[in-house]
Amino acid sequence: MPFSILRSIQMSKFLKTLIVALLSFTLLFAFTGCDQNDGDDTLVTGDLTYKLYEDEDDNHKYYTVTGYTVTSDDAVKMASGDFSSFTAAQREIEIPATYNNYPVEKIAAAAFADQVILKKVVVPATINEIGEGAFSGCTNLQELTIPFVGKTADATNEERVFGHLFGSASTGEGNTQITAKIHQEETEAGTTFYVPASLKSVTVLGNRVPECAFYGMAMLQTVVVDSATYIGAFAFQGCSLISQVNVSAATAIYDGAFQLCTSLQRVTLGSSLEFIGDYAFSGCSRLGLNYASNDETLCTLTLPESVTYLGKYAFSNCLELKYVNIAATKILEVYEGTFSSCESLEKVTVNSNIYFRAGAFSKSKKLDESKIIGAGSGKFETGAFGKVELPDDTEND
């Protein structure tokens, strides 16, 4: 073998070894740079590190989680992508609600940064603040349970949304760049976050999913929000892999909340729901689809009795939706575009109090007055099945 080629190969091996060594040192420094547990210098992979704080006003003491420790040997394994020797307890952690008899209330910014060892993290309800980028670079994280979305339960602007937990600085491969809206009135998405592509499941323990909370988080397959009474505008817009969602505690689902959730087949609505905003489920092209059966009882979208308002274009472009039942609701009007471009829709069960505005069923080709079961005479405005200017299949601005 020519000397120049041999030297090139040797240099390549040297550089690879050097990179792994440097990455290992960087990981070790990042993981152990925080305060150790209560003065204990013993380093064990999987130990959380804490710092004790005291509020001067009321002498309240609490702990902040500052980091997660990894030994130098384990850092080398992580740098090379070898996780075979790590236990489930090291990779799937539940942050305790108390430590040394004091509550654990905060997670510091970047506390778990670059912890590629982590697959699952459960954050307890005692936590009332999560710092920016707390989980940045956790590129193997698959499941996350949080008490609220964002920094705090009542945070505003960029600190209010899910991307806050991962930050706006790229940490390399394994992240998905999300360009998100932060406010409903924005005409286009503009704030960038870097979220692990591995993340599939998120559980929110609290009762509020704020505006634009999970906007554009297309990697998510499951989002559990069973306790949420409030689903903000654009909260899940563009979450294109979510197939079912339970919002049975919700009293309001605001504008565009599930718009363009193109895999969403089933939504569970509860008896407290009163308000469904404009475009709320627009573009949910598989809503009502049941692959196991075409039985009407299994494929019907039924709105609960408590609903008093159903917005414009709320279910437009729901291409697989075949059956709708709004007979028990307190809705008085079905507005322009509410069920427009529902190409498979063949039966809508209503009550005689509901009035149907022009364009309510525009481009829903299988429908006419005979397919609207229970409607009173004179309840169709001219053009109820006619053409209106419809939104496109991308995004409602």
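## Elements and the position of Asp58

Helices (H or I, at least four residues) and strands (E, at least two) are DSSP runs, numbered from the N terminus. In this predicted model, aspartate 58 lies in the loop that connects strand S1 (48–54) with strand S2 (61–68).

## Surface charge

Asp58 also belongs to a patch of negative charge on the surface, which it forms together with Glu54, Asp55, Glu56 and Asp57.

## Salt bridges

Seven salt bridges are present in the structure. One of them joins lysine 77 to aspartate 74; the closest N and O atoms of this pair are 3.8 Å apart, which satisfies the criterion of a side-chain nitrogen within 4 Å of a carboxyl oxygen.

Both residues belong to helix H2 (residues 72–79). Because lysine 77 and aspartate 74 are three residues apart in this helix, about one helical turn separates them.

## The largest pocket

The volume of the largest pocket is about 370 Å³. Its lining comprises 19 residues, of which Gln265, Arg266, Val267, Leu298 and Thr300 are the closest to the pocket centre.

Three elements each give two or more residues to this lining: strand S17 (266–269), helix H4 (296–299) and strand S19 (300–302). The greatest contribution to the lining of the largest pocket comes from S17, with four residues.

Technical notes
Residues numbered from 1 in each chain as written. Predicted model: local features only at pLDDT ≥ 70, side-chain atom pairs only at ≥ 80, totals over all residues. Heavy atoms only, no water. Patch = residues over 30% accessible without salt bridge, like charges linked within 9 Å, V, L, I, M, F, W, Y side chains within 5 Å. Areas by Shrake-Rupley, 256 points an atom, 1.4 Å probe, with all protein chains shown as cover. Lys, Arg positive; Asp, Glu negative; His and termini not counted. Charge placed at Lys NZ, Arg CZ, Asp CG, Glu CD. 1 Å grid on protein atoms, 1.4 Å probe; cavity = no way out; pocket = protein on both sides within 12 Å on 5 of 7 lines; lining within 4 Å. Points joined across faces, edges and corners; volume = space filled by probe spheres on them.
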